[in-house]
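Biologist: I'd like to go through this model with you. Can you put it up so we can talk it over?

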Amino acid sequence: MTDYMEYQNLDFSNQNLKNRSFKGQILNGANFSSSDIRGCNFSHTSLREANFDNVKAGQTPQTFLSLITTALVTTIIFFHAVSQMLFGVIERTPERPVWVYAIALIVSIGITGISSTVMSLVNKKSIFYRIFIIISGAASGAILGFFYGGTAAGGKNPQIAITSAIIGALIMAISSCLLKKGFIVITFSIGGTVANYGFAFLVGTRAIAFLSTQNFIWGFCLSFLSLTYIGLTLTSFRYTLKEITNYCVTSFRGSDLTNTSFNNAKLGLSDFTKAIGMELGVRS
């Protein structure tokens, strides 16, 4: 963290300050006018009577592009794996030897989807968030490991696929413990979105099959479950978009903006959560 002694003159005007951290500093009266402060962290910083006129704030194009690229690549990887496995088990019946793998796949997809959705709904500082991000990561890793490991083995060696699933689950679970925000969260959220959609599709096909044979109890129950997972799909998707647009933006979270000037500032997607004096200080 940069020390306050480096900021004695408090003149940061007309500078490229992208992605700098000023967190927790005392910068009362500082001049940031006409500077590029996209991605800067001013969380819990004292900025009384500071000047942010004509600044560029929000998220840098490079960050946004990298997040979108990550999202697209992750979507392709997950969608390919989930869709291929679902179409592989959609006609399976309990009489077939591979039925146990079909059940394991369905359970894994269901767990991945619902854990990702719960992760998106709870507070990020709570123990439940940490638990569900680990579960989501492990389930996602198991799905990817099983499919791509099994595919690499020619699809004829279930032991290799199972081993790959275990390795994938461990790697993703450990990653979720070490990296709790940013790209890893977006990856898990997209995995959950695809899993929710895949589960809804699979259950929906079963519901149609039951309804077509006039087995209305199972048909309606599975239809309700399918619609529920469609709702979970939309929830996970909205959370993904929120993470993309909120990651590495200019943050004034919890800062003191009393009498701070933002005339003609381009604030973009800046975060003013719990900022003091925001109503009086923020003018764009």
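Biologist: Which helix has the highest confidence in the chain?

Modeller: This is a predicted model, where local features need pLDDT of at least 70, side-chain atom pairs count only at pLDDT 80 or more, and totals for chains, interfaces and linings use all residues. Residues are numbered from 1 along each chain as its sequence is written, and side-chain values use heavy atoms, with hydrogens and water left out. pLDDT is the predictor's confidence in each residue, from 0 to 100, and helices are DSSP runs of H or I with at least four residues, numbered from the N terminus. Confidence is lowest in helix α7 (residues 278-281), at a mean of 52, and highest, at 93, in α6.

Biologist: Over which residues near the start is the pLDDT below 50, and how many contacts does that stretch have?

Modeller: Take contact to mean heavy atoms within 4.5 Å. The stretch with pLDDT below 50 is residues 1-6, and beyond near neighbours in sequence its contacts in the model number nine.

Biologist: And how many contacts beyond four places in sequence does the model have for residues 280-284?

Modeller: pLDDT stays under 50 there too. For residues 280-284, the count of contacts beyond four places in sequence is 18.

Biologist: What is the mean pLDDT of the chain?

Modeller: Of the chain's residues, 90% reach 70 or more. The mean pLDDT comes to 86.

Biologist: How many helices and strands are there in the chain?

Modeller: Strands would be DSSP runs of E with at least two residues. Read along the sequence, the pattern is α-α-α-α-α-α-α. That makes zero strands, and the helices number seven.

Biologist: Is V203 buried or exposed?

Modeller: V203 sits in helix α5 (residues 183-212), and it touches L222, L225 and S226, leaving aside residues up to four places away in sequence. Buried means under 20% relative accessible area, exposed over 50%, and partly exposed in between, using a 1.4 Å probe and protein chains only. Because its relative accessible area is 8%, V203 is buried.

Biologist: What distance separates the C-alpha atoms of V203 and F224?

Modeller: Along the chain, the two are 21 residues apart. Their C-alpha atoms are separated by 9.4 Å.

Biologist: Now to helix α6 (residues 216-246), home of T228. Why does T228 count as partly exposed?

Modeller: Its C-alpha atom is 9.3 Å from that of N196, 32 residues apart along the chain. T228 counts as partly exposed because its relative accessibility is 33%.

Biologist: Which residues does T235 touch, not counting residues up to four places away in sequence?

Modeller: T235 also lies in helix α6. It counts as buried because its relative accessibility is 19%. The residues that T235 touches are T117, S120 and L121.

Biologist: Which helix gives the most to the nonpolar patch?

Modeller: The patch on the surface is V100, Y101, I162, I166, L170, I174, L178 and L179, with about 780 Å² of accessible area together. Patch residues have over 30% relative accessible area and no salt bridge (a Lys or Arg side-chain nitrogen within 4 Å of an Asp or Glu carboxyl oxygen), and nonpolar side chains (Val, Leu, Ile, Met, Phe, Trp, Tyr) are joined within 5 Å, like charges within 9 Å. Accessible areas come from the Shrake-Rupley method with a 1.4 Å probe, and for residues only the protein chains shown count as cover. Both α2 (99-121) and α4 (158-178) supply at least two residues, but the most, five residues, come from α4.
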